[in-house]
Amino acid sequence: MTPSPNLRGVDFWNSTMGHAWVSQQAIISDVFASVTRVSLDAAALKTGERAIDIGCGTGDTLFEIAKTVGPSGAVLGVDVSVPMLDLARHRAAEAKLTNTSCALADATSYAFEPRWADLVYSRFGVMFFEDPIKAFTNIRSSMKPSGRLVFVCFRSMQESPWFRVPIEAARPHVPPQPPADPTAPGMFSFAREDRLRGILSESGFRDIVLQATDVPIHGKDIDQSMAFITQAGPLPALLDKASGEQRARAIEAVRSALAEKIGADGNGLHVGLWLVSAATS
Ligand SMILES: C[S@@+](CC[C@H](N)C(=O)[O-])C[C@H]1O[C@@H](n2cnc3c(N)ncnc32)[C@H](O)[C@@H]1O
């Protein structure tokens, strides 16, 4: 991998969190199916186009893109996580996708082929940069002058009951967490509209549209929801500092809170997203 300016992020996605996303891939794929649909609809891919999936992880959206652009098109997935990218490569080989390639690289410093992509896309892979303007400027260099950027990221945790309800249920049972810097690299770092707009505009993008979109989550049932919530998103960091007993109480409280909100079909909560699109200048 080329040198990364995001050492904390690289470490994070190559340790427990990366392995959790690998072991929970099928569940994460199910839970985020609605997000995939909304964001790829917005991407409006056409046969023969070339696309880049930033922070492609284990490959869910990479493969959707590969199928849509077909053999005359191509898709490149870029990610810093060895375990997640290994699974993406394995899945691509199994599906015999010949138009798909993966690069183990940091999107901030990767030497993209200039003016190659019709579309740069991401499902939750762009909020972890230490220097987001540098990263988006580099990403923009990969795009054709006519290229488009489409990604989804989270608004605030307050606006995502899927994450907020478990955190509020667990909090009374675990040691208090110091307040987090809301702009530090992390899943909610693009929550503030003015900040996100500023980053994209200073990176050279124009026609920036941020559409606030609430997407219902479609976990199959409470067990699937618990498997997701206890291993991905903000809850694992909160549970990390807890003793075994505190953790058990917190998990029980989370299960009850989710059971109250989620129907037998797994529906009932949503995530609050920015559906972002922009053009290159
Ligand atoms: C929340 S996960 C989303 C993964 C995938 N897009 C999905 O929706 O299943 C964030 C992903 O971004 C990747 N990532 C984080 N920082 C990155 C960077 N600087 N360059 C490339 N990928 C990065 C992580 O390794 C991880 O796979």
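Here are a few notes on Arg123 and the strand that holds it, going by a predicted model.

1. Let's start with where to look. Arg123 sits in strand 4, which covers residues 117–123. If you are finding your way around the structure, that stretch is a handy place to begin.

2. Is Arg123 buried or exposed? It counts as buried, because its relative accessibility is 11% and the cut-off for buried is under 20%. The strand around Arg123 fits that picture: strand 4 is mostly covered, with 7 of its 7 residues buried.

3. What does the Arg123 side chain touch? There is a polar contact between the side chains of Arg123 and Thr36, at 2.6 Å. Thr36 also turns up among the contacts Arg123 makes once neighbours within four places in sequence are set aside. The others in that group are Ile28, Phe32, Val35, Asp60, Thr61 and Val152.

4. Now for the strands that pair with strand 4. Strand 1 (residues 50–54) runs parallel to strand 4, and 3 bridges join the two. Strand 5 (residues 143–154) also pairs with strand 4 in the parallel sense, over 6 bridges.

5. Val120 is a good residue to click on here. Ile52 stands opposite Val120 of strand 4, and in strand 5 the bridge partner of Val120 is Leu149.

6. Finally, which helix goes with strands 4 and 5 in a β-α-β unit? That is helix 7, residues 132–140, and the unit made by strand 4, helix 7 and strand 5 is right-handed.

Technical notes:
Residues numbered from 1 in each chain as written. Predicted model: local features only at pLDDT ≥ 70, side-chain atom pairs only at ≥ 80, totals over all residues. Heavy atoms only, no water. Helix = DSSP H or I, 4+ residues; strand = E, 2+ residues; numbered from the N terminus. Buried < 20%, exposed > 50% of the residue type's maximum accessible area, 1.4 Å probe, protein only. Polar contact = N/O pair within 3.5 Å; in protein donor to acceptor, adjacent residues only side chain to side chain. Contact = heavy atoms within 4.5 Å. Pairing = 2+ DSSP bridges. Right-handed = clockwise from strand over helix to strand, strands pointing away.
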